[in-house]
Amino acid sequence: MYARVTTSQVDPSKAEEVEAIMQDIVLPILRRQRGFKNYISFVDRASGKAITVTVWETEEDRTASDQSSEYYKEAIAKVIPFFKTQPIVENYEVEIYS
C-alpha cells in the first residue's frame with residue numbers, strides 16, 4: 001500500500017469547520033477514487049496543526065489522485081481557504097508490522 005501524508009496549519013478556531021468539510025465533502029470524493037483504502041487525521045486543536053494520511057492500494061492509484069488530478073483540485077478547493085500556510089505533501093510506501 002501507499003500513502004500521501006499532508007501536514008497543514010489552520011486557525012484553531014476553524015478546526016471543527018474544517019473537520020466537517022473533510023467528513024461531509026472531501027471524504028466522499030476520496031471514496032470515489034480507484035484504489036482508495038483509508039483516511040486518517042491527526043489534529044492538535046490547540047495549535048491548529050493537522051496531519052492527514054490517505055492510503056492507496058497501489059502507487060499508481062495514489063499517483064493518479066495527486067495534485068494534478070480533478071479529484072485533488074475539487075477536494076483541496078474546499079479546505080484551502082482555511083490553511084494558514086501552504087500544506088506540505090509527502091508520499092510514502094506503507095509497511096505494516098504486527
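**Exercise 1. Find the neighbours of strand 1**

Work out which residue in strand 4 stands opposite Ala3, then trace how the strands are paired.

*Solution.* Step 1: look across from Ala3 and you land on Tyr92 in strand 4. Keep in mind that this is a predicted model.

Step 2: widen the view to the whole pair. Strand 4 covers residues 88-93, and six bridges tie it to strand 1 in the antiparallel sense.

Step 3: now check strand 3. Here, Arg4 is the residue that faces Thr54. Strand 1 and strand 3 are antiparallel too, with eight bridges between them.

Step 4: ask how covered strand 1 is. Six of its eight residues are buried, so strand 1 is mostly covered, where buried means under 20% relative accessible area.

**Exercise 2. Follow the hairpin**

Find the bridge partner of Asp44 in strand 3, and say which residue of the hairpin takes a positive phi.

*Solution.* Step 1: start at Asp44 and cross over to strand 3, where Lys49 is the bridge partner.

Step 2: take in the full pairing. Strand 2 and strand 3 run antiparallel, joined by eight bridges.

Step 3: look at the turn. Four residues sit between the strands of this hairpin, and Gly48 has the positive phi, near 85 degrees.

**Exercise 3. Unpack the core**

Which residues of the largest nonpolar core touch the most other members, and which helix gives the most to this core?

*Solution.* Step 1: the core has 14 residues, and Val18, Val26, Leu30 and Val79 are the ones that touch the most other members.

Step 2: sort by element. Helix 1 and helix 3 each bring at least two residues, and helix 1 gives the most, with seven.

Step 3: zoom in on Val26. Leaving aside residues up to four places away in sequence, Val26 touches Ile21, Ala75, Lys78 and Val79.

**Exercise 4. Explore the largest pocket**

How much space lies in the largest pocket, and what lines it?

*Solution.* Step 1: the pocket holds about 480 Å³ of space. Its lining is made of 27 residues, and those closest to the centre are Val18, Met22, Tyr39, Thr52 and Val79.

Step 2: match the lining to elements. Strand 1 (2-9), helix 1 (15-31), strand 2 (36-44), strand 3 (49-56) and helix 3 (70-79) each give two or more residues. Helix 1 gives the most, with eight.

Step 3: split the lining by character. You should get 17 nonpolar, seven polar and three charged residues.

Definitions and conventions: Residues numbered from 1 in each chain as written. Predicted model: local features only at pLDDT ≥ 70, side-chain atom pairs only at ≥ 80, totals over all residues. Heavy atoms only, no water. 1 Å grid on protein atoms, 1.4 Å probe; cavity = no way out; pocket = protein on both sides within 12 Å on 5 of 7 lines; lining within 4 Å. Points joined across faces, edges and corners; volume = space filled by probe spheres on them. Nonpolar A, V, L, I, M, F, W, Y, C, P; charged D, E, K, R; others polar. Pairing = 2+ DSSP bridges. Core = buried A, V, L, I, M, F, W, Y, C linked by side-chain atoms within 4.5 Å. Buried < 20%, exposed > 50% of the residue type's maximum accessible area, 1.4 Å probe, protein only. Contact = heavy atoms within 4.5 Å.
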